[in-house]
Amino acid sequence: MTAPATPSAASRIAVVTGASSGIGAATARQLAAAGYRVVLTARRKDRIEALAEEINAAGHSAAAYALDVTDRAAVDEFAGAFKTIGVLVNNAGGALGADPVATGDPEDWRRMYETNVIGTLNLTQALLPALTASGDGTVVVVSSTAGLGTYEGGAGYVAAKHGAHVLAETLRLEIVGTPVRVIEVAPGMVKTDEFALTRFDGDEERAAKVYEGVAEPLTADDVADTIAWAVTRPSHVNVDLLVLRPRAQASNTKVHREL
């Protein structure tokens, strides 16, 4: 097994978006443990400040910065603080609703596209010069298996994640030859505290049904472990696309449930 790469002084800063909960928070913890100084961004300032305090108390290094990834002016101001960074984890995103195309709320579609695609575009564009200046940069796009296949009732989210997938794939083509890798991690069914609740507007019963009978959905830590592994490969190794699902899930529409 190849040993994880040790981050150099020029590339030891890792920016994680959507770090206030779930996959983002778990990724920040794991990258901090791997030796990165993590910069936590999210809209919920209290949460990322508490997480930064937790990481620092554990003997690692973290800072919190309240940020809405869809606000380009705020993103540019944030990016101006960095001459070099090593890693950008574009994790901010999420799903809203599960209505069919015929009755879906256009505003939900718009919000999902803004967060999942435009937010990723904003951060990537703003920080690409600093990633390149590090001499060893990595852009991570946390997409979804929804970006690779469709399912009924998910068209708005599927469209947004397809956009994120295409962004990562195209960026990799466009910047080949520069010292920046582009990694896409596409999780399947992940059970976190907030994803399904947010999707169903706080309806706990409806959110619970997503995971009903599934013995072991993926956890935020499972995905974070995968992201940290991909990021810490030697610099010449690029994990273009890594799909992970729980064993009980064979596709977006085929899930084994023990009911």
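In this predicted model, helices α3 and α4 are roughly parallel to each other, because the angle at which they pack, about 30°, falls under the 35 degrees below which two directions count as roughly parallel. Helix α3 comprises residues 72-79 and helix α4 residues 106-133, and their axes lie 9 Å apart. The crossing of α3 and α4 is right-handed. On the side of α3, the contact involves Arg-72, Val-75, Asp-76, Phe-78 and Ala-79, which meet Asn-122, Leu-123, Gln-125, Ala-126 and Leu-127 of α4. Sorted by character, the residues of this contact comprise six that are nonpolar, two that are polar and two that are charged.

A second helix pair is formed by α1 (residues 22-33) and α2 (residues 45-57), whose axes come within 11 Å and cross at roughly 25°. Helices α1 and α2 are therefore also described as roughly parallel to each other, and their crossing is right-handed. The contact is made by Ala-25, Ala-28, Arg-29 and Ala-32 from α1, together with Leu-51, Glu-54 and Ile-55 from α2. Five of the residues in the contact of α1 with α2 are nonpolar and two are charged, whereas none is polar.

The strands are considered next. Strands of a sheet pair through backbone hydrogen bonds, in either a parallel or an antiparallel sense. Here, seven strands form an open sheet with parallel pairing, in the order β3-β2-β1-β4-β5-β6-β7. Strands β3 and β7 (241-244) are the edge strands, each of which pairs on one side only. On average, and with direction ignored, neighbouring strands of this sheet are turned by 15° against each other.

Within the sheet, strand β1 (residues 13-16) pairs with β2 in the parallel sense over four bridges, and Ala-14 has Val-38 as its bridge partner in β2. Helix α2 packs on the sheet, where it touches β2 and β3, and the direction of α2 makes about 175° with that of β3. Helix α8 (residues 220-231) likewise packs on the sheet, touching β4 (87-90), β5 (137-142), β6 (180-187) and β7, and the direction of α8 makes about 160° with that of β6.

Strand β2 (residues 37-42) is also joined to strand β3 (residues 61-66) by six bridges, and these two strands run parallel. For Arg-37, the bridge partner in β3 is Ser-61. Between the two strands the chain passes through α2, leading from β2 to β3 in a β-α-β crossover that is right-handed.

Notes. Residues are numbered from 1 along each chain as its sequence is written. This is a predicted model: local features need pLDDT of at least 70, side-chain atom pairs count only at pLDDT 80 or more; totals for chains, interfaces and linings use all residues. Side-chain values use heavy atoms; hydrogens and water are left out. Axes are lines fitted to C-alpha atoms, for helices over the stretch in contact, and angles run from 0 to 180 degrees between N-to-C directions. Angles under 35 degrees count as roughly parallel, over 145 as roughly antiparallel, 65 to 115 as roughly perpendicular and the rest as oblique. A crossing is left-handed if the near helix is turned anticlockwise from the far one by less than a right angle, and right-handed if clockwise. Contact means heavy atoms within 4.5 Å. Ala, Val, Leu, Ile, Met, Phe, Trp, Tyr, Cys and Pro count as nonpolar, Asp, Glu, Lys and Arg as charged, and the others, Gly among them, as polar. Two strands pair if DSSP finds at least two bridges between them. A crossover is right-handed if, with the strands pointing away from the viewer, the path from the first strand over the helix to the second runs clockwise.
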